[in-house]
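User: I would like to learn how to read burial, contacts, backbone angles and pockets in a model of this kind. Could you take me through them one feature at a time?

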Amino acid sequence: MWYGMNWIKIKIVTSQKSIDFVSDIFEHAGISSLEIEDNEEFLEILEQTKPQWDFIDDDLYEEKSKACSVSAYIADNQSGRKTLEIIQKHCKDAQYAPLQIFITKVNEENWSESWKKYFKPIPVGENILICPVWEEIPEIYKSRKVFKIDPGMSFGTGTHETTRLCVEALEKYINNNSLVLDLGCGSGILSIISMILGAKSSVAVDIDENCVRIAQENARINNILFENYKVYDGNLLTDKKLRDKISEKKYNLVLMNIIPDVIIPLLPFVKNLLADNGIAVLSGIISKYLIDMENAVESCGMKIIEKSNENDWQCVVAGK
């Protein structure tokens with residue numbers, strides 16, 4: 001675990017009907033791991049039982065009736081503070097709903113132990129088990145390939161719908177000769193799982209400098225050879241040296257589990273990176289943006305091979 005790091009907790013308090021709107025603010029800032037407090041069910045019970053009690057404080061009841069929030073953690077560094085500025089601007093400009101934003105600094109060492117009890121081994125796809133390093137592998141999952149993870153606070157645990165959709169696509173398309181590129185790698189979940197599934201090599205890239213250290217640590221935990229696994233930080237849209245480095249080879253699989261606003265500008269670049277018969281797995285797409293993604297894929301001369309979904313999240317598999 002990466003103790004001693006400082007983090008920023010962003011909590012946006014709003015109404016129940018505006019939770020999706022606030023979640024979109026985080027999504028557009030590149031954050032998909034969210035804590036959502038929705039008291040609708042609690043309030044329904046409270047409303048049903050309120051006539052039976054005469055000691056419920058009206059002010060407390062009023063406060064609880066509005067106590068919905070969406071929270072996320074970002075690294076307390078230059079990249080994280082830029083993300084915070086984006087979120088604050090969206091909140092300030094929001095006309096759809098009244099928003100209150102609360103910022104708290106948190107030390108990971110104080111936070112980490114309290115949440116471990118909630119993160120248990122989770123099966124993903126047909127063959128993968130995502131298992132935190134502090135947990136034993138349950139007997140029922142002994143036949144699965146295990147991805148051990150020691151997640152950073154802002155990088156997710158691999159249990160989100162978008163990650164599961166990508167893993168399912170990896171299982172379907174990967175083989176022992178696959179060269180994999182993971183753009184927006186976070187803690188390296190998809191790139192490392194691709195190696196566990198038998199990929200020949202994998203390259204991971206993220207705009208956040210912390211991801212290099214975290215992805216490399218997760219690779220070490222899973223006994224991945226670094227001669228076949230590389231991690232870089234930087235912005236592919238603006239960093240020519242990074243683009244040139246990534247472009248030194250062609251890839252059989254390119255993974256982008258980010259958001260449409262980031263995926264779409266990168267599609268022409270990604271198309272040129274694909275080997276013959278190579279495919280791109282595009283995830284992090286909310287249903288209402290699916291048509292935009294489909295149009296962007298076709299506009300850059302690629303074709304949609306298949307689509308999958310879980311809840312409101314979509315995944316598009318595309319090829320040349």
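User: How much of helix α6 is buried, and what does that say about its surroundings?

Analyst: Buried means under 20% relative accessible area, exposed means over 50%, and partly exposed lies in between, with a 1.4 Å probe and protein chains only. Helices (H or I, at least four residues) and strands (E, at least two) are DSSP runs numbered from the N terminus. In this predicted model, ten of the 13 residues of α6 are buried, so the helix is largely enclosed by the rest of the structure. The buried set is Glu161, Thr162, Thr163, Arg164, Leu165, Cys166, Val167, Ala169, Leu170 and Glu171. As the model is predicted, local features need pLDDT of at least 70 and side-chain atom pairs count only at pLDDT 80 or more, while totals for chains, interfaces and linings use all residues. Residues are numbered from 1 along each chain as its sequence is written, and side-chain values use heavy atoms, with hydrogens and water left out.

User: What span does α6 reach, and what is expected for it?

Analyst: The expected span of a helix is 1.5 Å times one less than its number of residues. Helix α6 (residues 161–173) reaches 19 Å from its first C-alpha to its last, close to the 18 Å expected. For α8 the end C-alpha atoms are 17 Å apart, which agrees with the 16 Å that its twelve residues should span.

User: Which residues of α8 are buried, and what covers them?

Analyst: Asn210, Cys211, Val212, Ile214, Ala215, Asn218 and Ala219 are the buried residues of α8. Their cover includes the strands β3 (68–75), β7 (145–149), β9 (201–206) and β10, together with helix α7 (189–196).

User: What backbone angle does Asn223 take just after α8?

Analyst: Most residues other than glycine have a negative phi. Asn223, although not a glycine, has a positive phi of about 60°; this residue is found in the loop between α8 (210–221) and β10 (229–233), and at 67% relative accessibility it counts as exposed. Asn277 also has a positive phi, of about 65°, but its place is in strand β12 (residues 274–286), where, at 79% relative accessibility, Asn277 counts as exposed.

User: Which residues does the buried Leu255 contact, leaving aside its neighbours within four places in sequence?

Analyst: Contact means heavy atoms within 4.5 Å. With those neighbours left aside, Leu255 is in contact with Leu170, Val180, Leu181, Asp182, Leu183, Leu190 and Val281. Leu255 sits in strand β11 (residues 251–257) and counts as buried at 0% relative accessibility. Its C-alpha is 9.7 Å from that of Ala169, although 86 residues separate the two in sequence. Across the protein, of the contacts between residues at least 6 apart in sequence, 68% join residues at least 24 apart.

User: Where does Gln314 lie, and which side chain does it join through a polar contact?

Analyst: A polar contact is a pair of N or O atoms within 3.5 Å; within protein, one must be able to donate a hydrogen and the other to accept it, and residues adjacent in sequence count only if both atoms are side-chain atoms. Gln314 lies in strand β14 (residues 313–319) and is buried, with a relative accessible area of 10%. Its side chain is joined to that of Ser287 by a polar contact of 2.9 Å. Beyond four places in sequence, the contacts of Gln314 include Leu165, Ile286 and Leu290.

User: Which residues line the second largest pocket?

Analyst: Rolling a probe the size of a water molecule over the atoms shows where empty space is left. On a 1 Å grid over the protein atoms alone, where a 1.4 Å probe fits, a pocket is an open set of points with protein on both sides within 12 Å along at least five of seven lines, and lining residues have an atom within 4 Å of a point. The second largest pocket is lined by Asp20, Ser23, Asp24, Glu27, Ser32, Leu34, Ile36, His160, Ile286, Lys288, Asp312 and Trp313. Helix α1 (residues 19–28) gives the most to this lining, with four residues.
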